[in-house]
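This briefing covers aromatic pairs, charges over rings, one long-range ring pair and the surroundings of one helix. Please read it alongside the model.

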Amino acid sequence: MYFNLMLVFFSIVIAFAGDSILFALHNAASEAAFFPKTGFTPEVLQFKKLLFAIIGGTLAGNHLLLYYVAKHPFAERKKWAWNAIAFSLLLWFVIDSGMSIYLGAAYNVLMINIPALIGIGLPLLMTRKAF
């Protein structure tokens, strides 16, 4: 529950500060993977800001929903709530990680996806017997 709440705030930061020092490693890896010859041009940086705003806003909404599912029906041990969190987490991880690897951005899986999967998935697995 609290990891999702933390990710709500982190996602808002992504939306508004994706080009800040907080994302320097991820941005440098993206630049090296996709723009090794030219680097980020001003147009690419503007488009990246749009993408980060869309991604950050979407993630913030998703993690806020997961927070409320965890706080109420999950806390009441409703099986559908456990399944909803587990299946949405797996769907996101498989699609995002698969496409990241396919497109040459394995760094995204290492920097973002695996920590999120562990942060949400491990506590989720630990509660399975309760459902």
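Leaving aside its neighbours within four places in sequence, which residues is S11 in contact with? The model is predicted, and in it S11 contacts G56, L59, A60 and H63. S11 itself lies in helix α1 and counts as buried, at 2% relative accessibility.

**Helix α3 and its cover**

- Helix α3 runs over residues 42-74.
- The 33 residues of α3 should span 48 Å at 1.5 Å a residue, and the 45 Å between its end C-alpha atoms agrees with this.
- Buried residues in α3 include G56, A60 and H63, and each of these three is also among the contacts of S11.
- Others that are buried in α3 are K48, F52, L66, Y67, V69, A70, P73 and F74.
- The cover over the buried residues of α3 includes α1 (2-17), α2 (24-34), α4 (79-102) and α5.

**Aromatic pairs**

- The count of aromatic pairs comes to six.
- F35 and F40 make an edge-to-face pair, because their ring planes are at 65° and the cut-off for that class is over 60 degrees; the ring centres are 5.6 Å apart.
- The two partners differ in exposure: F35 is partly exposed, with a relative accessible area of 28%, whereas F40 is buried, with 18%.
- F74 and F131 make a tilted pair, because their planes are at 40°, which is neither under 30 nor over 60 degrees; the ring centres are 4.7 Å apart.
- The F74 and F131 pair links distant parts of the chain, the two residues being 57 residues apart.
- F74 belongs to helix α3, while F131 is in the segment after α5 (106-126).
- F74 counts as buried because its relative accessibility is 16%, and the limit is under 20%.
- One aromatic cluster is formed by F10, F23 and F52.

**Charges over rings**

- K48 has its charged end over the ring of F52, 4.1 Å from the ring centre.
- Both K48 and F52 are among the buried residues of α3, and F52 is also part of the cluster with F10 and F23.
- R128 has its charged end over the ring of W82, at 4.2 Å from the ring centre.

How values were computed:
Residues are numbered from 1 along each chain as its sequence is written. This is a predicted model: local features need pLDDT of at least 70, side-chain atom pairs count only at pLDDT 80 or more; totals for chains, interfaces and linings use all residues. Side-chain values use heavy atoms; hydrogens and water are left out. Rings of Phe, Tyr and Trp (its six-membered ring) pair if their centres lie within 6.5 Å; planes under 30 degrees apart count as stacked, over 60 as edge-to-face and the rest as tilted. Buried means under 20% relative accessible area, exposed over 50%, partly exposed in between (1.4 Å probe, protein chains only). Helices (H or I, at least four residues) and strands (E, at least two) are DSSP runs, numbered from the N terminus. A charge sits over a ring if NZ of Lys or CZ of Arg is within 6 Å of the ring centre and within 35 degrees of the ring normal. The expected span of a helix is 1.5 Å times one less than its number of residues. Contact means heavy atoms within 4.5 Å.
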